[in-house]
Amino acid sequence: MKQLSHSLTTPLIALIASTLLATPNLVVSGPSASTQQPAMAVLPPLNKSYREAKVETDGDILTVTTGRMTRQWKWTGRGLVTQSVVNADGHRLASGAGQDADWDLGDLGQGKLLSLLAIEDDDERFTSRHLAVEAEIAYSALHIKYVIWAYPDAPGLRTQLWLKKAGKNNATLAGEVSEQLALENDPKSIITWGYKAGLKADQEPYQILDTEMLGANHEVKHTSGLLVDYDGQGLVLVKESHAHSQLESNGCAVGGFLRKDKLLQVNGLGILPQDIAADFKFCWANWMIVFQGEELDAQLTLKQFDRFRYPIHPKRDVFIMANTWGSEDMQEQCKYKAREENVLREITACAELGVDLLQIDDGWQDKKWAPKPVGKPKGKPILLNGDKVPQEYTVYPDGFGRVREAASAAGITLGLWHAWDAPLNAIKTNMDNGDFKAFKLDFAKLTKKKDLDHLYKKGRELVKHSDYTAVVNWDVTEKMPRMGFYFGRDCGNLYLANRKASTVRERVLYIPWQVLRDGWLLSKYTNLNKIQLTFQNKDQVQPKAKTDADDHPHAYNLAITLMSSPILFLETQLLSQQATDILKPMIAKYKAEREKMYQGYVFPIGSMPDNASWTGFQNHNPETGSGYMTVFRELENAQSKAKLALHFIAPGTKLQLTNVLTGESRNAILNQEAELEFEIPQAPDFAFMKYEPLL
């Protein structure tokens, strides 16, 4: 039996519906041409549970619960419309607003409910196991699948529309609303947020996060999330799309959020009328999450739901990566570093340092996406050490065999770069021949639905081909719509930005405080350990480069990345012996803790980084009350001591603090503001601590 899955082309076979539905006639008709009013059809009986998640029907009411959130819908004859959204304490947070359905695609007329079913599913192993509910509805010109994912014990639900043509005629859409609900009370505030992709080091103002208050009659576009605060409880909405707040175009109909008094609408379907075909195509999914407490509690529940949606698989997703592109400046120099001779040296250096994964970037391939035997660069670029790139040089004379064997012997995993339009079969062949496990897919231009679907399917097929041992690190280094911050992470993580030390080009310069600020702001509304933050070799900073990277210790620059998925965007063989002697033991001690770190949720603490702050990250595990901190006294900060408030730990709590790098421990008690005092005598410097509550 075929499971409910995120297949891009294949609808569920009708046998499932006929097996699971007990009601023989599900057709719901509107009034006839006469004045006869047929009785409202009753939903087919459903009563299915998966752990805490449950779905049931009663008359025309559909109820879905996760154990922490319950949402009810009513079948209206035109669709399913929300009746209530209730948190675990029974507080009603939202309801329907008099509309006929939670979606508004224009006047579709009466609908026929073709099927309603519920099964356990995991989206072909791309998400956590959940209870999947699906309603298929036929309108005169359009068929809709409305899919609900209920993860057991999750703080929210995921809903998604799928569309296909009802016949041979082209479909039309007179509306683009995929979710709408009425707020139960007047909120204290509604804040929206969105992150920037393609952020450059010379951009002013330099800030990756945009936030905006949503007024009573206001619309915001190109944002990802919305937080409704009822002063002690509330709702979070997230659009699972590639929206970001400086798109060069609207992408694939990313839309935004609209408020009309108490009515909230999520606009932008991710699909245009010309994209609707004879098979079902997915629209952007929506997350609806409930929280109790303040904004910080909302951020935690958002991250918890995010991890249900995009779970971490430790053997696949946890690694320190190095990449061959980042130690040189110009294109031909960087491509030269992808050749076999250099990669073999990198494998040895990565193993010595403790790096887990070495990714071979652009420069290894011929026009057919096979390893090329010879490289012939354009022009006469000069390498950093003054040597010229040869006008012809050996790349991979016998394929990937030697680097595969060397990596296996050294305990190093290999990754490989491709452009986004490389043929799937060619990537699979390279995966098999080189045993590659991390694929950077670059240059994507996802302004059309067919391109987005094609690339997303390609990523999933690569993961499946590897038997779920490989990942895709989606490149979001440009403003052009790519995968985005809330879409596609079921395939891997996000490669955030190019940051180089060996350049005077201001747009891509490595500036430590900017990397720290990126991570600090990203950790508000995303799980930071699904995003790659950059470490660079500050010894390669060029004369006249507008960066103070060389004023920061190597250990400080590495510490910036430790709450993320660290990427050493450089050749490890070019690190000095002094740098290696500093970084190697630090990496080893981090790796001894990181399994526990990946079980926690990362939050910003202190002030926003500006090169003069006390700032940092708190990685907290709400199950154990323990966690980790990286605390930074920035370069231009003159204060050797500071008090930083911690999150989710009550004032007066006694903690055991252990310096991860030195092993030294001490006890401390949080003051009445839940603060700890830190002392860092020199600037810039940092502390890497773990904490455990003491009874």
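In this predicted model, a network of salt bridges links Asp123, Glu124, Arg158, Glu240, Arg309, Arg460, Glu461, Lys464 and Asp490. Within this network, Arg158 and Glu240 form a salt bridge in which the closest N and O atoms are 3.0 Å apart, and the pair joins distant parts of the chain, since Arg158 belongs to strand S10 (residues 156–165) and Glu240 to strand S16 (residues 232–240), 82 residues apart. Glu240 also meets the side chain of Arg309 in a salt bridge, again with an N to O distance of 3.0 Å. This second pair likewise links distant parts of the chain, with Arg309 in helix H2 (residues 295–309) and Glu240 in strand S16, 69 residues apart.

The three residues of these two bridges have low accessibility. Arg158 has a relative accessible area of 1% and is therefore buried, Glu240 counts as buried at 1% relative accessibility, and Arg309 is buried with a relative accessible area of 0%. A contrasting case is the salt bridge between the side chains of Lys437 and Asp435, with an N to O distance of 3.5 Å. Here Lys437 is partly exposed, with a relative accessible area of 22%, and Asp435 is partly exposed as well, with a relative accessible area of 41%. The structure holds 47 salt bridges.

Arg158 takes part in a further arrangement, lying over the face of Trp149 at 4.0 Å from the ring centre. Trp149 is in turn a member of one aromatic cluster, formed together with Tyr151, Trp287, Phe305, Phe308, Tyr310 and Tyr486. A charge is also placed over a ring at Trp162, where the charged end of Lys145 sits 4.8 Å from the ring centre.

The count of aromatic pairs comes to 28. One of them is formed by Trp369 and Trp417, whose ring centres are 5.7 Å apart and whose planes stand at 40°, so that the pair is classed as tilted. Because Trp369 lies in the loop between strand S22 (357–360) and strand S23 (374–375), while Trp417 lies in strand S26 (residues 413–419), the pair ties together parts that are 48 residues apart in sequence. Both Trp369 and Trp417 are buried.

Not every buried charged residue has a partner of this kind. Lys458, located in helix H8 (residues 449–465), is buried yet has no salt bridge, and the nearest side chain of opposite charge, that of Asp421, is 6.3 Å away. That distance lies beyond the 4 Å within which a salt bridge is counted. A polar atom of the Lys458 side chain does, however, lie 2.7 Å from the backbone oxygen of Trp420. When neighbours within four places in sequence are left aside, the contacts of Lys458 are with Trp420, Asp421, Ala422, Leu424 and Ile427.

Helix H2, which carries Arg309, also contains Leu302. This residue is buried, with a relative accessible area of 2%, and, not counting residues up to four places away in sequence, Leu302 touches Trp193, Val236, Val238, Trp287, Ile289 and Tyr525. Among these contacts, Trp287 is also a member of the aromatic cluster described above. The C-alpha atoms of Leu302 and Pro155 are separated by 7.9 Å, although the two residues are 147 residues apart along the chain.

Several features of the backbone occur in loops. A cis peptide bond joins Glu204 and Pro205, with omega at about -10°, and Pro205 is found in the loop between strand S12 (189–195) and strand S13 (209–213). The peptide bond from Ala683 to Pro684 is also cis, with omega near 0°, and Pro684 lies in the loop between strand S39 (675–679) and strand S40 (685–693).

Positive phi values are found at two aspartates, neither of which is a glycine. For Asp153, phi is near 65°; Asp153 lies in the loop between strand S9 (142–150) and S10, and is partly exposed, with a relative accessible area of 36%. For Asp261, phi is about 60°; Asp261 is located in the loop between strand S17 (256–260) and strand S18 (263–267), and is partly exposed, with a relative accessible area of 46%.

Technical notes
Residues numbered from 1 in each chain as written. Predicted model: local features only at pLDDT ≥ 70, side-chain atom pairs only at ≥ 80, totals over all residues. Heavy atoms only, no water. Phe/Tyr/Trp six-rings, centres within 6.5 Å; stacked < 30°, edge-to-face > 60°. Helix = DSSP H or I, 4+ residues; strand = E, 2+ residues; numbered from the N terminus. Buried < 20%, exposed > 50% of the residue type's maximum accessible area, 1.4 Å probe, protein only. Lys NZ or Arg CZ within 6 Å of the ring centre and 35° of its normal. Lys, Arg positive; Asp, Glu negative; His and termini not counted. Polar contact = N/O pair within 3.5 Å; in protein donor to acceptor, adjacent residues only side chain to side chain. Contact = heavy atoms within 4.5 Å.
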